[in-house]
Amino acid sequence: MLLSTTAERMYWTARYLERIENTARLISVYHKLLLDLPGGVDITWYNLIVLNSAEDAFVSRYKNRDERNVLKFMLVDEQNGSTLSDVKILRENIRTSRDVLAPEVWECVNELYLSIRDNNQQGLLRRQRYEFIDGIIKSCQQINGLLSDTTSHDDVWQFIQLGRNLERADMTTRILDAGVSVLLQPGTELGVDLSQVVWGHVLRSLSANLSYRRTMQARISGPEVTQFLLEDEYFPRALRYCHDRIIEAVHKLPSQKPVLKKLQTVNSFRFEANSEQDLNDSFRDYINELQVRLLVLHQCFYDNWFAFEER
Amino acid sequence: MSIDWHDYDAQIFFDELISSPGNARLPARSLTAHLSKLGDDEVQMRRDMAQTTIEQMGVTFTVYTEEGNIDRAWPFDIIPRIISAKQWKVLDLGLQQRLKALNCFIDDVYHDQNIVKDGIFPGHILQDSKNFRPECVGVSPPFGVWANICGTDLVRDDTGKFYVLEDNLRVPSGVAYMLENRSITKRVLPELFENDRILPIGDYPARLFDTLAALSPRKIKNPEIVVLTPGIYNSAYFEHAFLAQQMGVELVEGRDLQVSEDDKVYMRTIGGLERVDVIYRRIDDMFLDPECFEETSVLGVPGLMRAWRAGNVALANAPGAGVADDKVVYAFVPQMIEYYLNEKPIIENVKTWLCDDPEQRAYVLDNLDSLVVKPANESGGYGMLIGPHSTKRQQGDFARLIKAYPRNYIAQPTLKLSVCPTLVDGGRLEPRHLDLRPFILQADDIYVTSGGLTRVAMERGSLVVNSSQGGGSKDTWIVDTEAR
């Protein structure tokens, strides 16, 4: 039977891997979004900091809330929370789990770490940013592919599923929040219809644009994009999908009852919105509620499988 | 430009690959011929390739410094060290003989002490031993074997003759690097593996697994085996993880284990507690069990000694095995071989003076400038005096230490350690001193690795091969020339 500490490491490995990829995606989309927005629209890179609830940490280290500092903070800062530090943690996790993972996984993660460590200035320069970010995303997918195809789909795999889907669900809520917050920002109501642009980028940041069009058969609009990202059963980054995968994984694990019970009490991902105007502060409250739910779920995993001493 | 073997001269030392400038020893001939065909660029390319491979595979070791622990890339020289299979066969037997005798000795020491009663081994040396554990008296580990995993250091003198320098019976490390060195060399010099018959070494993890499984107190099909590591900050952590992975067993830390009231060891899993049968422990005796040894140890498992003494769990190596890992005890191994096995030693010891003996001590004190003085109980090359490389002042310090703690010191002649061509900056070859650590496994069966870990002193003239002190390593090839 899988060691509790190993299970926890696998769970965090998947979470960090997902987080690294999602941060890269977020930066990539923001980069493109800012190029698309007309001049005079006052949207800053600093939104990314707000989105990640990292205002305090940022302010304690930087004065200027400019593009360079935001990217520095998110990508290469020595401080906790940057991609560099996430990769370091990921690497340590894999290093301490080499007994359950294929050696190639370690080599890949190690390469990712070395490339970020050695090329970290690239991400700060606009000209080379695409290549840098794209490299991170590709590495993450390569590692995910290796995990999927070289790890036995036993308990180890179920914990990877739990970590991945929980982190993914969390990031989807954050990206939705990012979209809404841009649109709710004062000054953006003038002139152009931004909602098309913003929701388009929300979809792209989750690689969801194609699936959205095929599934919803609709033009891009706030209510439908949020409905898709909350409720779709088939799209891997939709909350419903992530939730179902978590349930599936939990079913295959030992002593799963308390966790299943918790999962059943929070089984709905519905927010009634009929127009762009409905996606207001109460939608942001709903998003917040979802994030709290995920936190509670995490605590539930922790109590049930990882914190053996208190049992 | 390429390598010209006429320019390489090992001078007074025995060279592992070359018998005289321009002439390679038989098992090294295809290697030397191949290397001289490669241009400088090509040699440099292979070196870079080895370096990149090491970084990508993340082959590291941890160095403790004042600023914290640093992970260093494993220092590696691409030119292998080569020994003929014929010669190895003899060493293999010699190493088996030695470990068998050592295990007889340890078992005797914790039971009837016949070797002392028969006047072969002085009793006071045992009483003064830092590594004799009264807690182990009367315990009988499976097969009477206490040291299941042994790393024995071999050196060669200027005639090429092999000697045993020391036996590491506590928690010997290095075997993962031996295996990684081979996989690096296969990537870097693949051509040579096609033509030469180089004995494979890859079966070590499977042999280790079999050795550990044989120790299980429960005779079941799949005993639960774990590798117990002090954790990520240990200098050999890489190896602990590597071996656990290769054997397909759990890598655990002390906090993953517990001893319950039934005196059995359990590990904490996602499904609850699960019984553990065999622990390959990479933690020193003193940290194994805070109930029994070092009270403040957080690395160990409270109650582990209780469970072991009750026969409910096997520990490899057994606690107390280190009693034979003492340079004073070492001096008696040839007598042990005769006493327990009634055989002549196949591999000789290096001549050793015991400072404990008044006559021998007097000789040592008179010859500090030419001898190597070693503490009886340290490993890693720490606390040594290398006479010819020392100052008068250092010699004076050691003279005082020896007089104060004679039991703690031994002396050996400064060996003219053998050398092997090694690439230095600029792509030139220079001779560098080296030793060899084969690994021997004993449970119901006994097994010796084909070759071992070759460690090289990377500095010109240096005799210190320990990786913690600037040593590097090489792949070790046992080449069967007769099969060609």
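Student: Which radius of gyration does chain B have, set against that of a compact globule with 484 residues?
Tutor: This is a predicted model, and the C-alpha atoms of chain B fill a box of roughly 70 × 60 × 50 Å along the principal axes. For 484 residues, a compact globule would have a radius of gyration near 23 Å. Chain B agrees with that, at 23 Å.

Student: What share of the residues in chain B is buried?
Tutor: A residue is buried here if 20 or more other C-beta atoms lie within 10 Å of its own. Of the 484 residues in chain B, the buried ones make up 48%.

Student: What percentage of the contacts in chain B with a separation of 6 or more comes from residues 24 or more positions apart?
Tutor: Chain B has 15 helices and 25 strands. Among its contacts with a separation of 6 or more, the part from residues 24 or more positions apart is 69%.

Student: How many residues does each chain bring to the contact, and which helix of chain A gives the most?
Tutor: The contact takes 22 residues from chain A and 20 residues from chain B. On the side of chain A that touches chain B, α1 (4-36), α5 (83-95) and α6 (103-118) each supply at least two residues. That side divides into ten nonpolar, five polar and seven charged residues. With five residues, the helix that gives the most is α6(A).

Student: Which element of chain B is included in what covers the buried residues of α5(A)?
Tutor: α5(A) has 13 residues and reaches 18 Å from its first C-alpha to its last, close to the 18 Å expected at 1.5 Å a residue. Its buried residues are T83(A), L84(A), D86(A), V87(A), L90(A), N93(A), I94(A) and R95(A). From chain A, the cover includes α1, α4 (67-76), α6 and α7 (126-150). From chain B, it includes α9 (237-247).

Student: Where is confidence lowest in chain A?
Tutor: The mean pLDDT of chain A is 87, and 95% of its residues reach 70 or more. Confidence in chain A is highest in helix α12 (residues 239-251), at 96. Where pLDDT is low, the predicted coordinates should not be read in detail. The lowest confidence in chain A, at a mean of 82, is in helix α2 (residues 46-51).

Student: What ipTM does the predictor give the complex?
Tutor: For chain B, the mean pLDDT is 91, and 96% of its residues reach 70 or more. The complex has a pTM of 0.84. Its ipTM is 0.75.

Notes
Residues are numbered from 1 along each chain as its sequence is written. Chains are lettered from A and ligands numbered from 1 in the order in which they are written. This is a predicted model: local features need pLDDT of at least 70, side-chain atom pairs count only at pLDDT 80 or more; totals for chains, interfaces and linings use all residues. Two residues are in contact if their C-beta atoms, placed from the backbone, lie within 7 Å. Helices (H or I, at least four residues) and strands (E, at least two) are DSSP runs, numbered from the N terminus. Ala, Val, Leu, Ile, Met, Phe, Trp, Tyr, Cys and Pro count as nonpolar, Asp, Glu, Lys and Arg as charged, and the others, Gly among them, as polar. The radius of gyration is taken over C-alpha atoms; the globule rule is 2.2 Å times the number of residues to the power 0.38. A residue is buried if 20 or more other C-beta atoms lie within 10 Å of its own, exposed if 12 or fewer, and partly exposed in between; C-beta atoms are placed from the backbone. The expected span of a helix is 1.5 Å times one less than its number of residues. pLDDT is the predictor's confidence in each residue, from 0 to 100.
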